[in-house]
Amino acid sequence: QVQLAESGGGSVQAGASLRLSCVYRYSSNCMGWIRQAPGKEREGVANIKSDGTISYAASVEGRFTISQDDAKMTLYLEMNNLKPEDTAMYYCAAGPLAPSVDACTRVFSRWGQGTQVTVSS
């Protein structure tokens, strides 16, 4: 059974907004979003810990917002003012307890199938 299922990607023009959603079967101490563009390494985008602490990659700080609704078992990524360099496959991720919210990226052990975000200039 699918544990993490993303949706909400699409093709938009620069400056537009998108909201990604990830339905999960059970909550984890660390959850977040990572992305991978063609020919580039996977990059952490935003993390949220079970204690509510949040972190963002510098490249998205102030434009993206991560949130979680445990009642709906859904993780969100609100993306505003999208730029062409945001083009990537976006994955929802989950993992066990980490020493800090930034460290969540290193402990992610489950990923969804991804949703494509394409931003044109």
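The paragraphs below go from the whole chain to one strand and then to one residue.

This is a predicted model, in which local features need pLDDT of at least 70 and side-chain atom pairs count only at pLDDT 80 or more, while totals for chains, interfaces and linings use all residues. Residues are numbered from 1 along each chain as its sequence is written, and side-chain values use heavy atoms, with hydrogens and water left out.

The protein has 11 strands and 1 helix. Helices (H or I, at least four residues) and strands (E, at least two) are DSSP runs, numbered from the N terminus. Along the sequence the order is β-β-β-β-β-β-β-β-β-α-β-β. The radius of gyration is 13 Å, close to the 14 Å that the globule rule gives for 121 residues, so the protein is as compact as a globular protein of that length. That radius is taken over C-alpha atoms, and the globule rule is 2.2 Å times the number of residues to the power 0.38. Along the principal axes, the C-alpha atoms fill a box of roughly 40 × 30 × 25 Å.

Of the 121 residues, 43% count as buried. Buried means under 20% relative accessible area, exposed over 50%, and partly exposed in between (1.4 Å probe, protein chains only). Among contacts (heavy atoms within 4.5 Å) between residues at least 6 apart in sequence, 60% join residues at least 24 apart.

Now consider strand β8, residues 74-79. Because 5 of its 6 residues are buried, β8 is largely enclosed by the rest of the structure. Strands count as paired if DSSP finds at least two bridges between them. Strand β3 (residues 18-24) pairs with β8 in the antiparallel sense over 6 bridges, and strand β7 (residues 64-69) also runs antiparallel to β8, joined to it by 6 bridges. Met79 in β8 is the bridge partner of Leu18 and also of Phe64. β7 and β8 form a hairpin with 4 residues between them, and Met73 in the turn has a positive phi of about 50°.

Phe64 leads on to another residue, since Arg35 touches it. Arg35 lies in strand β4 (residues 30-36) and is buried, with a relative accessible area of 5%. Leaving aside residues up to four places away in sequence, the residues that Arg35 touches include Glu41, Glu43, Glu85, Asp86 and Tyr90. Ser59 is also among them, and a polar contact of 3.4 Å joins the side chains of Arg35 and Ser59. A polar contact is a pair of N or O atoms within 3.5 Å; within protein, one must be able to donate a hydrogen and the other to accept it, and residues adjacent in sequence count only if both atoms are side-chain atoms.
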